[in-house]
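Subject: Structure handover

Hello,

Please find the structure below, as agreed. My notes on it follow, so that you can check them against the coordinates.

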Amino acid sequence: MITAQLVPILSDNYAWLLRCSSTGATAIVDPAEVAPVAAAIDAAGGRLDMILLTHHHGDHIAGTDDIRARYGAKVVGARADAHRLPKLDVAVSEGDTVTLGASTASVIDTPGHTRGHISYHFADGNVLLCGDTLFSLGCGRLLEGNAAEMFASLAKLARLGPETLVCCGHEYTESNARFALHADPGNAALVAYAGKVKAWRAEGKPSLPSLMADELAANPFLRAPDVATLADLRGRKDTF
Ligand code: ZN
Ligand code: FE
């Protein structure tokens, strides 16, 4: 099965180090800063089979070519965005699978933040790598896509089930919680979860990965019943 370990990079990004527990095969997701990513790979044994990219933004791809050169890993990313990603060894889109050791991820098209954004789901380990689509208590800004696309993307991720570990690209949870409490003050599950987040962050602990069950109960963007509600929430958050 796949285990996921976060690697703090840049100011508030996370890369994710994935490991297949039965074979030792290893992958890194969104390695945008070389030194901390290389340190994490070396600490785990120095093996890197794959680099998985969620989308083309610099804070997700910047270290890719250096890490590829250092470890000889294969780079996987969205076929739709191949023209603006580092050179891909494997170009994928919805319905494709990516095999890491003895485990397989399904590729999910999740446009909204960017047109070519993809997510990876390892059912064996319940690990979801969702970049800047779903955040804990929030979702990505609609930089290229529209609310209807983001609504459909979030719905696909929600269907992966309550046990899913949400491994997203940023530690935005505490500021997302402030808006979520403003938007949905009567949600007792949100109030309780926001309190936990505040305590974790005060102790210097990451808030991720989160559990999809908690997102389904507390994340107002994931809970939006229709596109219009999601569009309204996203617009208000942009100026909050
Ligand atoms: Zn982004
Ligand atoms: Fe980002």
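How do the residues of the lining of the largest cavity divide into nonpolar, polar and charged? The lining has six nonpolar residues, two polar ones and one charged. Please keep in mind throughout that this is a predicted model.

Cavity

The structure contains one cavity of 30 Å³ or more, and the space in the largest cavity comes to about 30 Å³. Its lining consists of Tyr 14, Trp 16, Val 29, Asp 30, Leu 129, Gly 131, Cys 167, Cys 168 and Gly 169. Strand E2 (13-20), E10 and strand E13 (165-168) are the elements that give two or more residues to this lining. The charged residue in the lining is Asp 30, and the two polar ones are Gly 131 and Gly 169.

Metal sites

There is a zinc ion (ligand 1) with four protein donors: His 55 (NE2), His 57 (ND1), His 113 (NE2) and Asp 132 (OD). These donors lie 2.2 to 2.3 Å from the zinc ion. Along the sequence, the donor residues of the zinc ion follow the spacing H-x1-H-x55-H-x18-D. His 55 is in the loop between strand E4 (50-52) and H2, while Asp 132 is in the loop between E10 and E11, so this pair ties together parts that are 77 residues apart in sequence. Both His 55 and Asp 132 are buried.

Why does the arrangement around the zinc ion (ligand 1) count as irregular? The angles subtended by its four donor atoms run from 88 to 175°. A tetrahedral site would need all angles between 85 and 135 degrees, so the upper end of the range, 175°, rules that description out.

The iron ion (ligand 2) is coordinated by Asp 59 (OD), His 60 (NE2), Asp 132 (OD) and His 170 (NE2), at 2.1 to 2.3 Å. In the chain, the donors of the iron ion are spaced D-H-x71-D-x37-H. The four donor atoms around the iron ion subtend angles of 82 to 170°, and this arrangement is irregular as well.

Which residue bridges the zinc ion (ligand 1) and the iron ion (ligand 2)? Asp 132 does, and the two ions are 3.1 Å apart. At the iron ion, distant parts of the chain are linked by Asp 59, in helix H2 (residues 58-61), and Asp 132, in the loop between strand E10 (127-131) and strand E11 (134-135); the two residues are 73 apart. Asp 59 is partly exposed, its relative accessible area being 23%, whereas Asp 132 is buried at 3%.

Salt bridges

How many salt bridges are there? The count comes to 12. I looked at three of them in detail.

One of them joins Glu 144 and Arg 84, with 2.9 Å from N to O. Glu 144 sits in the loop between strand E12 (138-139) and helix H4 (147-158), and Arg 84 in the loop between strand E5 (74-78) and strand E6 (90-92), so the bridge ties together parts that are 60 residues apart in sequence. Glu 144 is partly exposed, with a relative accessible area of 25%, and Arg 84 is partly exposed at 24%.

Another lies within a helix. Asp 65 and Arg 68 form a salt bridge whose closest N and O atoms are 3.1 Å apart. Both residues belong to helix H3 (residues 64-71) and are three residues apart, about one turn of the helix. Asp 65 is partly exposed at 44% relative accessibility, while Arg 68 is buried at 16%. Asp 65 and Arg 68 are also linked with Asp 89 in a network of salt bridges.

The third pair is Asp 238 and Arg 234, where the closest N and O atoms are 2.8 Å apart. Asp 238 and Arg 234 are four residues apart in helix H9 (residues 227-238), so about one helical turn separates them. Is Arg 234 buried or exposed? Arg 234 is buried, with a relative accessible area of 4%, whereas Asp 238 is partly exposed at 34%.

Regards

Terms used: Residues numbered from 1 in each chain as written. Chains lettered and ligands numbered in written order. Predicted model: local features only at pLDDT ≥ 70, side-chain atom pairs only at ≥ 80, totals over all residues. Heavy atoms only, no water. Salt bridge = Lys/Arg side-chain N within 4 Å of Asp/Glu carboxyl O. Buried < 20%, exposed > 50% of the residue type's maximum accessible area, 1.4 Å probe, protein only. Donors = N, O, S within 2.8 Å, 3.2 Å for Na, K, Ca; no water. Tetrahedral: all angles 85-135°; square planar, octahedral: opposite > 155°, others 65-115°. 1 Å grid on protein atoms, 1.4 Å probe; cavity = no way out; pocket = protein on both sides within 12 Å on 5 of 7 lines; lining within 4 Å. Points joined across faces, edges and corners; volume = space filled by probe spheres on them.
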